Amino acid sequence: MIVVSNAEISSGQGNETRRVHIVIDGESIRQIIPATDPAPRCKNVIDASGLIVVPGGIDPHVHFNTPGYTDHEDFLTGSMSAAAGGITCVIDMPDTSIPPVTDRASLYAKLKAIGEMSVIDFALWGGVSGNSFRANSWRSQMKTLKHEGVVGVKCYLLSSMRMFEHLLPLELVEVMRRAGELGLLVALHAEDRERAQKLTASITTSGQRDGKAYYESRKDPVESDGIKQGAELARETGCSLHIVHVGSAGGAKAAIEMRAKGADITMETCPHYLAFTHDDLEQRGAVFKTSPVLKTRQDADALFGYLVSGEINYLASDHAPCRPEEKSTGSIWTDYSGISGTQLLMPYALSEGFSKGRLTLARFIEATSSAAAARYGLTRKGAIEPGKDADLAFIDPKRKWTVRGSDFHSKGKLTPFEGAEFTGKVVRTICRGHTVFEEGKGITVESGYGHFVRRV
């Protein structure tokens, strides 16, 4: 048994908190006792005085690449980075595995490759790519993947990946209709392929190869048109839809409007879409290159507002690091698109949301944990309640610190947040009753501690 004493936890209302003792029995929370009562006698006591304790974070969009592009990241280093940022469960994407997770065989291959790697719990996305769609077994494989416990299937309207091609619009209609029949969530990378390809062809012909050229090739309405298409299809097909890494305020607004008409749509955005704009990409280089592209300050401010209101449901990192040289190839067209983000997901929301008074503590918890747990059927995650997994992040709310990529546990040390000062520091992370990260000690469990979590 472990007792976390004098923990300040959210009451669930605004910034209101209550001080409690949290009793952990094995992997679960057994009891929550008011701090005015004596804590149970126990040899293992963690004193949380002066700290806020929140549910362990869920990062619902990471690319840890095992098996596959593990020179960029693997499940050990990626999960270590997540744990150091207060994350206790990640959901890994199917498209940057080799082979991509589009059927039972590739799912089992991934689980075998991950093996004894992760230091925190993980769930998995399946996928339907253009490649797998044209192999003609996708209908049965979608049912199989659901049975095996994936949280949903990922699809692209625009992809440059040879092994995970985008779906054509009529193919996406069929996939979403099938998903609706199965009750399976679809995650959509929503950018209008035809518009983006026409813009890219025109710009590359002129010889432009800087950050401005990349922005011009993917600027809105490329993303907003893609989101509109997906949102309309969700309503038509009855499919549950999740829009990943939303960077377009216009696209978010379109999804919100379709949701009001009865469509089952959720959205995530990422810290980089809230903090930066295309000006950063153009002036400071490819460390800011992402897909979708960073947009305007007006977009960023509107997206933060939608996150505060809950109309954008939660945050994700879209963690996708690379080797440093891949961000400096001499042309924006060949520079890698993606950033190292999972270790900063909760700290960003804490510093720029909660500490600055933009997110209440209750909304911070929704945006970093409980809303994703509910959407993906992770029923033992996302709350500090008896019977739930003992997944906890301990936060020193007043600590100021400076972001240094060299401190990341990830293989990816480049970050657009380099040198930023954050307020609020994760000092301990507990996953299923075990401390997996502690400030000053680092990762405190063996690789392989993390479990595969199936969607319920």
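Start by selecting Arg432, which is buried, with a relative accessible area of 3%. Keep in mind as you look around that this is a predicted model. Now add Glu27 to the selection: the side chains of Arg432 and Glu27 meet in a salt bridge, 2.9 Å from N to O. Glu27 is partly exposed, its relative accessible area being 35%, whereas Arg432 is buried at 3%.

Colour the chain by residue number and you will see that this pair links distant parts of it, 405 residues apart. Arg432 sits in the loop between strand E16 (421-431) and strand E17 (434-438), and Glu27 in the loop between strand E2 (17-25) and strand E3 (28-34).

**Next stop: Arg323**

Select Arg323 together with Asp71. These two form a salt bridge whose closest N and O atoms are 2.2 Å apart. Arg323 belongs to the loop between E14 and helix H13 (345-354), and Asp71 to the loop between strand E6 (57-62) and helix H1 (75-84), so the pair ties together parts 252 residues apart in sequence. How accessible are the two partners? Arg323 counts as partly exposed at 30% relative accessibility, and Asp71 counts as partly exposed at 41%.

Keep Arg323 on screen and add Glu326. Here Arg323 forms a salt bridge with the closest N and O atoms 3.7 Å apart. Glu326 is buried, with a relative accessible area of 17%, because buried means under 20%.

For a wider view, select Glu27, Asp121, Arg380, Lys381, Asp389, Asp391 and Arg432: salt bridges that share partners join these residues into one network. Your opening pair, Arg432 and Glu27, belongs to this network. Across the whole structure there are 36 salt bridges to browse.

**A polar contact at Ser97**

Move on to Ser97, in the loop between strand E7 (87-92) and helix H2 (104-114). Is Ser97 buried or exposed? Ser97 is buried, at a relative accessible area of 1%. Show side chains and pick out Lys110 as well: a polar contact of 2.5 Å joins the side chains of Ser97 and Lys110.

**The open sheet**

Switch to a cartoon view and find the open sheet of six strands, which run in the order E9-E10-E11-E12-E13-E14 with parallel pairing. At its edges are strand E9 (126-127) and strand E14 (314-315), each of which pairs on one side only.

Zoom in on strand E10 (residues 153-156) and strand E11 (residues 186-189), which pair in the parallel sense over four bridges. Which residue in E11 is the bridge partner of Cys155? Select Leu188 and you have that partner.

**Last stop: the largest pocket**

Stay with E10, as this strand gives two or more residues to the lining of the largest pocket, and so do helix H6 (193-205) and helix H7 (211-218). The space in this pocket is about 1100 Å³. To centre your view, select Ser159, Ser160, Met161, Ser291 and Ser337, the closest to the pocket centre of the 40 residues that line it.

Finally, colour the lining by residue type. What mix of residues lines the largest pocket? The lining divides into 14 nonpolar, 18 polar and eight charged residues.

Methods: Residues are numbered from 1 along each chain as its sequence is written. This is a predicted model: local features need pLDDT of at least 70, side-chain atom pairs count only at pLDDT 80 or more; totals for chains, interfaces and linings use all residues. Side-chain values use heavy atoms; hydrogens and water are left out. Two strands pair if DSSP finds at least two bridges between them. On a 1 Å grid over the protein atoms alone, a cavity is a set of points where a 1.4 Å probe fits but cannot get out, and a pocket is an open set with protein on both sides within 12 Å along at least five of seven lines; lining residues have an atom within 4 Å of a point. Grid points are joined across faces, edges and corners, and a volume is the space filled by probe spheres set on the points. Ala, Val, Leu, Ile, Met, Phe, Trp, Tyr, Cys and Pro count as nonpolar, Asp, Glu, Lys and Arg as charged, and the others, Gly among them, as polar. A salt bridge is a side-chain nitrogen of Lys or Arg within 4 Å of a carboxyl oxygen of Asp or Glu. Buried means under 20% relative accessible area, exposed over 50%, partly exposed in between (1.4 Å probe, protein chains only). A polar contact is a pair of N or O atoms within 3.5 Å; within protein, one must be able to donate a hydrogen and the other to accept it, and residues adjacent in sequence count only if both atoms are side-chain atoms.
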